[in-house]
Amino acid sequence: MGNYSNPYHIYTCAHLPLFLRLSLTLSIYLSNGGGGRRYEEELPTVDVFVCTADPKIEPPALVMNTVLSLSVYLSDDGGSELTFYALLQAAGFAREWIPFCRRFQVEPRSPAAYFRKLYKEMEENIRTVTELGRIPEDISGEHKGFLEWLPGTTSRDHQSIVQILIDGREPDAVDVDGRPLPTLVYVAREKRPHRHHNFKAGAMNSLIRVSSEISGGRMILNVDCDMYSNDSQSVRDAMCFFMDEGKFENVTKNDLYGSSLTIITEMFLCDDGVGFGGGFHGLDGVGGPLYTGSGCFHRRWSLMGNKRSLKEISALALERRAKVLADCTFEDNTQWGNEERMIRAGRSQVRVPGGGRDNRAVDSVQGLEVRLLQPHAGAFLGIAPMTLSQTILQHKRWSEGDFQILLSPSPPSSTMGYSIYCLWAPNSIPTICYSLIPSLSLLGRTALYPRLNMILFRQVSSLWFLPFAYVAVAAAGYGLWEALRCGMTARGWWNERRMWLYKRFTSYLFGFLDTLILKAGFRSSTFVITEKVTGEDVAGRFEREEMEFGASSPSPSLTILATLAMVNLFCLAAAVWRMAAAEATAAFIGDFFFQLLICGLLVAINGPVYRAMFFRKDGGRMAASVTVTSTAAAAALVCLAAALMASPRGFI
């Protein structure tokens with residue numbers, strides 16, 4: 001294993017907070033020894049990859065609060081000197097922070113909570129430079145790395161940049177206690193406008209090659225730039241298992257936007273008091289759980305074999321050699337362009353193990369085996385979306401990538417096991433139909449479901465009502481039981497059901513349409529980053545669990561949500577009016593019970609939409625243009641449906 005006291009190497013792709021808390025976690029875990037555990041000295045070295053792409057959407061100050069835990073390679077896909085400056089600041093802070101955590105066994109490793117003065121000073125330096133938008137001349141002379149940013153450099157057009165900020169091999173690379181620091185490397189792979197860069201997969205490929213030249217850790221851990229280490233022992237534990245689904249630290253009590261995916265990842269079967277992950281653990285037998293782009297350990301040999309040079313040369317020479325490996329043309333006419341690579345499907349952060357060459361991420365020649373390790377404390381915690389628009393954007397990207405995997409030339413052999421994810425996008429169509437047709441049918445005279453057995457009203461009914469009633473009650477009851485067993489609240493379950501619907505109305509619908517357009521050749525792939533920073537007003541409403549509709553940022557997604565909500569409200573109002581006007585009210589309820597139930601539930605679940613449209617006055621309300629447009633569109637649709645149903649040849 002080499003120098004056991006310095007087994008981590010951090011490669012950052014441009015997100016700093018993660019470096020601060022991450023680099024710290026691993027280095028402390030090693031220096032603590034392990035209390036005499038067997039085979040402790042045989043543990044493999046670990047290279048940690050952290051990826052970021054935009055210093056405005058993913059601010060460097062955020063990243064720095066996360067990265068002080070491991071030896072890290074930071075990949076900056078935006079090629080920003082602001083991120084490089086922030087990482088340089090973090091490297092200096094680590095010399096004080098790492099020994100402090102080692103000495104006092106700090107958990108979780110959040111420097112803001114303990115080194116308030118020193119951390120605030122560093123954070124203020126980073127924020128000042130970030131707001132300025134450039135590096136002042138007096139600062140640019142502090143490190144040779146700033147010379148790499150040539151005139152005309154942009155986020156989409158720049159040379160490859162590799163800078164070793166902390167060389168763990170050097171005698172002077174020590175903290176204030178004299179112990180070795182983990183290696184810290186800044187990597188910005190070359191990007192040119194005429195070259196497709198394969199998004200995060202391309203960044204990971206570059207990190208794999210660069211790290212093999214500098215440190216060559218036997219294990220690779222990649223994490224998102226907005227995450228931090230919540231358990232310093234998790235890396236040691238993960239040497240037996242290689243998957244840990246990312247969790248979030250800022251989820252509200254009732255999980256307002258359903259971000260935690262609790263039921264999928266933590267479904268408990270507790271007859272013996274032991275929890276098992278129902279969604280992800282159940283995939284162990286069919287190739288393993290999904291690689292969700294973060295919190296995953298890989299064996300290096302499974303990605304590129306044992307091709308490591310690791311010659312004893314200077315850091316400057318290593319930087320020169322590694323820069324070639326980060327060039328955008330390196331993969332041309334090589335095995336990296338065909339076999340030894342990480343390829344993601346489109347814009348998703350999800351990858352199915354065991355698939356064909358076109359969609360595999362970490363597949364060896366024999367095929368990848370994945371296992372899930374999900375500690376109760378959560379090994380790495382990230383930042384969940386704090387607005388509805390952010391949530392919609394994130395799930396659009398996920399669903400689109402999953403659907404592209406399903407449609408790829410070489411889909412995974414165990415497609416059935418992953419179909420629940422791969423079919424997220426096309427599932428939007430039947431969901432929208434099911435949310436419209438039963439409600440619109442209330443305007444007509446034809447019932448879609450069997451009659452309710454209304455004994456109190458002495459009506460003769462169909463026994464076929466019972467199976468429909470059983471399915472509805474059993475599905476809702478079992479879903480609520482799952483949520484409660486996973487530690488969710490009843491209101492949290494209701495919020496999750498609401499977001500289940502909203503994502504299918506918007507995220508999955510646009511993911512489905514974009515994939516079809518992409519496959520038809522009418523557009524090329526793009527990648528949109530989920531914003532990691534919000535204002536104080538937005539954060540306050542998030543803590544109060546008030547949905548953020550963004551009065552200043554109307555979007556097609558919000559227009560669709562508001563239109564569907566208004567359609568159901570108009571239909572329910574029309575049904576109530578028909579019941580009040582009809583002589584046989586009981587007969588009407590018996591005939592249209594299920595339609596009334598579905599429409600009523602949809603109106604209830606859309607309560608936040610109605611409040612945002614008509615009652616809220618704060619910055620999180622629905623934009624006036626969206627309210628007007630959606631109300632007019634819904635009224636037109638309802639009038640058209642009523643006219644068609646009233647005609648002798650009506651469709652219902």
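**Before you look: what makes two strands a pair?** Two strands count as a pair if DSSP finds at least two bridges between them. Keep that in mind for the strand views, and remember throughout that this is a predicted model.

**View 1. Strand 6 sits between two partners, strand 2 and strand 9.** Start with strand 2 (residues 46–52), which pairs with strand 6 in the parallel sense over two bridges. To find the spot, look for Val46, which stands opposite Met219 in strand 6. Now turn to strand 9 (residues 296–299): here the pairing with strand 6 is antiparallel, and it has four bridges. Asn222 is a handy marker for this pairing, since Asn222 faces Cys296 in strand 9.

**View 2. How well covered is strand 6 itself?** Strand 6 covers residues 219–224, and six of its six residues are buried, so the rest of the structure largely encloses it. In a regular strand, side chains take turns between the two faces of the sheet. Follow that idea along the chain here: Met219, Leu221 and Val223 belong to one side, while Ile220, Asn222 and Asp224 belong to the other. Both faces are covered, and every one of those residues is buried.

**View 3. Strand 5 pairs with strand 3 and strand 4.** Strand 3 and strand 5 run parallel and are joined by four bridges. Check out Val72, which sits opposite Leu184 in strand 5. With strand 4 (residues 161–166), strand 5 pairs in the antiparallel sense over five bridges. For that pairing, spot Val162, whose bridge partner in strand 5 is Val187. Strand 5 (residues 183–188) is mostly covered, with six of its six residues buried. Thr183, Val185 and Val187 point one way, Leu184, Tyr186 and Ala188 point the other way, and all are buried.

**View 4. Asp77 is a residue that UniProt picks out.** The UniProt record (an unreviewed entry) lists Glu58 and Asp77 under "binding site". Where does Asp77 lie? You'll find Asp77 in the loop between strand 3 (72–76) and helix 3. Is Asp77 buried or exposed? Its relative accessibility is 9%, so Asp77 counts as buried; the cut-off for buried is under 20%.

**View 5. Helix 3 packs against helix 4.** Helix 3 takes in residues 81–104 and helix 4 residues 116–132; their axes are 10 Å apart and the packing angle is about 170°. That angle makes helix 3 roughly antiparallel to helix 4, because anything over 145 degrees gets that label. Which residues of helix 3 meet helix 4? From helix 3 come Leu82, Tyr85, Ala86, Gln89, Ala90, Phe93 and Glu96. They meet Leu118, Tyr119, Met122, Asn125, Ile126, Val129 and Thr130 in helix 4. Sort the residues of this contact by type and you get ten nonpolar, three polar and one charged.

**View 6. Ser399 is tucked away in helix 11.** Helix 11 runs over residues 388–406, and Ser399 has its place there. The relative accessible area of Ser399 is 0%, so this residue is buried. What does Ser399 touch, leaving out residues up to four places away in sequence? The list is Trp424, Ala425, Ser507, Tyr508 and Gly511.

**View 7. Two spans that UniProt labels "transmembrane region".** The record, an unreviewed entry, gives this feature to several spans, including residues 501–522 and 558–580. Residues 501–522 are 82% helix and 0% strand, and the end C-alpha atoms of this span lie 29 Å apart. Residues 558–580 come out as 100% helix and 0% strand, with 33 Å between the end C-alpha atoms.

**View 8. Tyr610 and its neighbours in helix 21 and beyond.** Tyr610 lies in helix 21 (residues 607–614), and with 9% relative accessibility Tyr610 counts as buried. Tyr610 and Ala562 are 48 residues apart in sequence, yet their C-alpha atoms are 8.0 Å apart in space. Leaving out residues up to four places away in sequence, Tyr610 touches Ala565, Met566, Leu569, Val603 and Phe615.

**View 9. Zoom out to the whole chain.** The protein's secondary structure comes to 22 helices and ten strands. It has 652 residues, and 56% of them count as buried.

Methods:
Residues are numbered from 1 along each chain as its sequence is written. This is a predicted model: local features need pLDDT of at least 70, side-chain atom pairs count only at pLDDT 80 or more; totals for chains, interfaces and linings use all residues. Side-chain values use heavy atoms; hydrogens and water are left out. Axes are lines fitted to C-alpha atoms, for helices over the stretch in contact, and angles run from 0 to 180 degrees between N-to-C directions. Angles under 35 degrees count as roughly parallel, over 145 as roughly antiparallel, 65 to 115 as roughly perpendicular and the rest as oblique. Contact means heavy atoms within 4.5 Å. Ala, Val, Leu, Ile, Met, Phe, Trp, Tyr, Cys and Pro count as nonpolar, Asp, Glu, Lys and Arg as charged, and the others, Gly among them, as polar. UniProt positions are given in the numbering used here, feature names are shortened, and annotations may be inferred rather than shown by experiment. Buried means under 20% relative accessible area, exposed over 50%, partly exposed in between (1.4 Å probe, protein chains only).
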